[in-house]
Amino acid sequence: MPAAQKSVIVIGAGLGGLSAAISLAQEGYSVTIHEKNDKIGGKLNVLKEQGYTFDLGPSILTLPAIFERLFERSGKKMSDYFTIRSLRPHWRNFFQDGKVVDLDPDPAVMAAEARKVGEDPANVERFLKYSADLYDLVSEGYFEQGLDTSKEFGNFYGPWKFPKFDLFRTMHGGVARFLKTRHMRDIFDYFIKYVGSSAYRAPAFMNCMSTIQFRYDLWYVEGGLYNIALGLKRLIEELGITVHLNSEIKEIRKEGETVTGIVTADGAFHAADILVSNVEVIPAYEKLLGEDKSFMKSLDRYEPACSGLVLDLGLDIQYPQLAHHNFFFSEHQKEHFKTVFQKHQLPQDPTIYLVAASKTDPTVAPAGCDCLKILPHIPYIDDKHPLTREDYLVFKDRIIDKLERMGLTDLRKHIVYEHVWTPLDIRERYNSNKGSIYGVVSDRFKNLAFKAPKQSTKYPNLFFVGGSVNPGGGMPMVILCGQNVCKKIVAWDRK
Ligand SMILES: Cc1cc2nc3c(=O)[nH]c(=O)nc-3n(C[C@H](O)[C@H](O)[C@H](O)COP(=O)(O)OP(=O)(O)OC[C@H]3O[C@@H](n4cnc5c(N)ncnc54)[C@H](O)[C@@H]3O)c2cc1C
């Protein structure tokens with residue numbers, strides 16, 4: 001049957017689902033999206049209150065060229081839909097010994113920053129060359145070809161390229177090979193934040209992430225990152241894709257090895273030739289398909305990435321020392337990683353990410369005020385011993401204490417608006433696996449950083465898109481995943 005006559009239902013309007021829907025519509029499929037929430041974007045979300053605009057989800061845009069492809073394939077330009085600009089510095093890093101280091105892609109600026117903590121700038125250059133080689137390697141196959149299985153890897157890379165992945169080191173091992181100071185090691189280890197994992201457990205090739213920022217820059221979307229979702233909404237309308245909001249899917253129907261359609265919360269059945277689930281692999285198999293325990297056990301290696309405490313604060317002042325993006329480091333970052341990713345406990349002294357978009361975008365806060373989004377990474381929900389909202393609120397106070405100690409004097413007194421999301425809220429809102437914010441964890445020992453395959457191993461006409469399948473979480477990766485799942489569907493369909 002030609003593609004034009006085939007129907008696809010996409011379950012979920014996160015960025016992965018939207019990218020798959022757009023790409024499939026561009027290939028001539030008839031596409032419908034069902035989204036449980038009242039707006040599209042999934043974790044790319046926004047909160048506007050009392051003159052403050054907060055990015056509730058992502059706040060850093062990288063690899064915008066991957067987003068551009070969605071527009072180009074319809075003969076359009078992304079810049080007609082939303083405006084992006086690069087940021088300097090990329091991040092500001094605050095340490096408890098009072099040292100402050102900026103990350104900047106300009107080699108001369110970066111060299112001066114490295115010298116501030118006694119790091120030889122040549123070490124940073126050597127590390128970035130190592131990172132660039134890893135990026136080129138990972139990108140040519142894993143990213144661009146959408147590789148999923150070990151067979152696909154073997155065929156693409158062949159035996160000669162495998163050693164180049166630096167497979168016998170962890171990400172931290174790769175960092176420590178080149179960088180000698182504790183400050184620089186902590187900073188480059190923390191690039192693992194892009195996928196919510198531990199630098200001491202992730203494989204060394206995850207060091208490719210520094211190149212994503214140093215070669216391709218770090219971007220902001222004017223007015224806030226939710227404007228990406230609004231731009232995609234326009235493109236979706238232009239492509240004639242039907243979107244049903246407030247439409248939660250309760251069941252995926254199957255007959256033998258074929259999925260036949262979905263059942264919405266009102267009990268209605270909607271048939272489709274092909275289903276694409278933007279619901280993560282584990283909740284989809286467990287809750288929508290009702291798979292048995294032995295099958296679910298086979299998915300154990302796809303452990304969730306971390307969750308987060310999302311704290312949005314509207315202030316009545318500005319803190320001049322802040323940049324747009326800031327990190328407040330743990331005194332013992334190895335301990336921080338171990339507590340979150342191995343002990344699964346709330347850390348005593350976490351590394352904290354803090355965004356102050358008001359530093360470069362006056363539209364997101366009243367004049368003279370900062371709006372802060374604060375995001376410490378914390379463990380995903382342990383269903384056997386779940387924490388309560390009160391437990392998380394005690395942790396929130398520890399975060400504010402730490403920020404006050406590290407220079408945001410009297411922060412508490414200057415809060416005029418506060419909003420807190422715990423892992424419980426994140427799971428409730430997006431149905432993410434145990435409240436994960438980046439899909440599946442990247443762990444050398446559990447899964448070598450590979451996520452689930454995009455095509456179901458049980459039902460050939462069921463596909464997955466988003467942070468729980470390859471290449472994993474983060475906005476550009478799930479957009480790429482949507483484009484690659486489309487290629488997979490087209491190739492399978494034409495067989
Ligand atoms: C606080 C936070 C900060 C982040 N920061 C960054 C950052 O700075 N940069 C970056 O690149 N990435 C960041 N990320 C990660 C990034 O947001 C995600 O990796 C990406 O947006 C996930 O997209 P997705 O398509 O995989 O899934 P989601 O966005 O989770 O989309 C899944 C969709 O499916 C819907 N759904 C679930 N179940 C059902 C059902 N039964 N029926 C119908 N619909 C359903 C959900 O409501 C949701 O809309 C951040 C995430 C969070 C939460």
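Q: How do you know that strand β1 and strand β2 pair?
A: Two strands pair if DSSP finds at least two bridges between them. Strand β1 (residues 7–11) and strand β2 (residues 30–34) have five bridges, in the parallel sense, so they pass that test. For one of those partnerships, look at Ser7, whose bridge partner in β2 is Ser30. Keep in mind that this is a predicted model, where local features need pLDDT of at least 70, side-chain atom pairs count only at pLDDT 80 or more, and totals for chains, interfaces and linings use all residues. Residues are numbered from 1 along each chain as its sequence is written.

Q: What makes something a strand or a helix here, and how many are in the chain?
A: Both are DSSP runs, numbered from the N terminus: helices are H or I over at least four residues, strands are E over at least two. By that count the chain has 15 helices and 20 strands.

Q: Why is the chain called as compact as a globular protein of that length?
A: The radius of gyration, taken over C-alpha atoms, is set against the globule rule, 2.2 Å times the number of residues to the power 0.38. For 495 residues the rule gives 23 Å and the chain has 22 Å, which is close, so the label fits. As for the box that the C-alpha atoms fill, it is roughly 65 × 55 × 50 Å along the principal axes.

Q: Which strands stand at the edges of the sheet that holds β1 and β2, and why?
A: The order is β9-β2-β1-β13-β20, an open sheet of five strands with parallel pairing. β9 (242–244) and β20 (462–464) each have a single partner strand, so one side of each has no neighbour in the sheet, and these two are the edges. On average, neighbouring strands here are turned by 20° against each other, direction ignored.

Q: How is helix α1 placed against β2?
A: Angles run from 0 to 180 degrees between N-to-C directions, using axes that are lines fitted to C-alpha atoms, for helices over the stretch in contact. Helix α1 (residues 15–26) runs at about 165° to β2 and lies across β1, β2 and β13 (274–277).

Q: What makes the crossing of α1 and α15 right-handed or left-handed?
A: If the near helix is turned from the far one by less than a right angle, anticlockwise is left-handed and clockwise is right-handed. The α1 and α15 crossing is right-handed. Their axes cross at roughly 35° and come within 7 Å.

Q: Which residues make that contact, and how many are charged?
A: Two residues are in contact if their C-beta atoms, placed from the backbone, lie within 7 Å. Among the residues involved are Leu15, Leu18 and Leu24 of α1, and Met475, Val485 and Ile489 of α15. Ala, Val, Leu, Ile, Met, Phe, Trp, Tyr, Cys and Pro count as nonpolar, Asp, Glu, Lys and Arg as charged, and the others, Gly among them, as polar. That gives 11 nonpolar, five polar and no charged residues.

Q: Why is helix α7 said to be largely enclosed?
A: A residue is buried if 20 or more other C-beta atoms lie within 10 Å of its own, exposed if 12 or fewer, and partly exposed in between, with C-beta atoms placed from the backbone. In α7 (residues 182–189), seven of the eight residues are buried, so the rest of the structure largely encloses it. Those buried include His183, Arg185 and Phe188. Over the whole chain, buried residues make up 51% of the 495.

Q: Asp166 and His344: buried or partly exposed?
A: Asp166 has 20 other C-beta atoms within 10 Å, so it is buried. His344 has 14, so it is partly exposed.

Q: What is noted about phi in Asp166 and His344?
A: Most residues other than glycine have a negative phi, and most peptide bonds are trans. Phi of Asp166 is positive, near 55°, and Asp166 lies in the loop between α5 (150–161) and α6 (171–178). Phi of His344 is also positive, near 55°, in the loop between α12 (333–341) and β17 (352–355).

Q: Which residues does a cis peptide bond join?
A: One joins Arg88 and Pro89, with omega about -10°. Another joins Asn470 and Pro471, with omega about 5°. Pro89 is in the loop between β5 (84–86) and β6 (91–94), while Pro471 is in the loop between β20 and α15 (475–493).
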